[in-house]
Amino acid sequence: TLSEGRGTSEPFRVFGDPSLPKHLYSFRPHPTEGAKKSKHYGELCHGWYISGTPAEVAKKINRQIRLTWVLEAYKLFPDKDNFFISDHAFDRLAGNDMLMQQIKDGVSESNIRASWEPALSNFKKIRKKYLLYKDF
């Protein structure tokens, strides 16, 4: 049930829910031309701005996917059975069902990242010949 920021100026860069602690980052989604339907329109949501601090964004540091916030959101979310709107939707976005199960099982971020190897290294080798720009 978390909003992924549709209807804000930062879609997919913020996420949250009205039921999360109020000391977190706050945003209020509203219908827009590109997001006519979404979750929690008009409600004050609390969550995370996932692109990092403005200084991190400007310096292009910490460019990896930040799992910390998703893990923390799941831990704080009061209704675990409804955290994932549908297993299929999350799995489709994540690429498979492994990440969701790891989140539910309380696997640490470092262990989740470790599970991506050696497939990630193999992918990087394959894609190298197709890159047009410097790899980061």
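**Notebook: Phe15, the core and α4**

Started at Phe15. Skipping neighbours within four places in sequence, I find Phe15 in contact with Leu2, Ser3, Glu4, Phe27, His46, Gly47, Trp48, Ile50, Trp69, Val70 and Ala73. Note to self: this is a predicted model.

Next I looked up the core. The largest nonpolar one holds 16 residues. Phe15 is among those with the most contacts inside it, along with Leu2, Leu20, Trp48, Ala73, Phe83 and Phe84. Three of these names, Leu2, Trp48 and Ala73, I had already written down as contacts of Phe15. Which elements give two or more residues to this core? I get α2 (67-76) and α4. The largest share, 4 residues, comes from α2. As a general point, nonpolar side chains tend to be buried together in soluble globular proteins.

Then I turned to α4, residues 98-105. Which of its residues are buried? I list Leu99, Met100, Gln102 and Ile103. They cover an arc of only 160° around the axis, so they sit on the same side of α4. After α4 comes Gly106, and I noted its positive phi, near 75°.

Last, I stepped back to the whole chain. I count 6 helices and 3 strands, and the order along the sequence is β-β-β-α-α-α-α-α-α. Of the 136 residues, 29% count as buried. For contacts between residues at least 6 apart in sequence, I have 49% joining residues at least 24 apart. The chain exposes about 9,500 Å², and carbon and sulfur atoms supply 57% of that.

Notes: Residues numbered from 1 in each chain as written. Predicted model: local features only at pLDDT ≥ 70, side-chain atom pairs only at ≥ 80, totals over all residues. Heavy atoms only, no water. Buried < 20%, exposed > 50% of the residue type's maximum accessible area, 1.4 Å probe, protein only. Arc of directions from axis to C-beta. Contact = heavy atoms within 4.5 Å. Areas by Shrake-Rupley, 256 points an atom, 1.4 Å probe, with all protein chains shown as cover. Core = buried A, V, L, I, M, F, W, Y, C linked by side-chain atoms within 4.5 Å.
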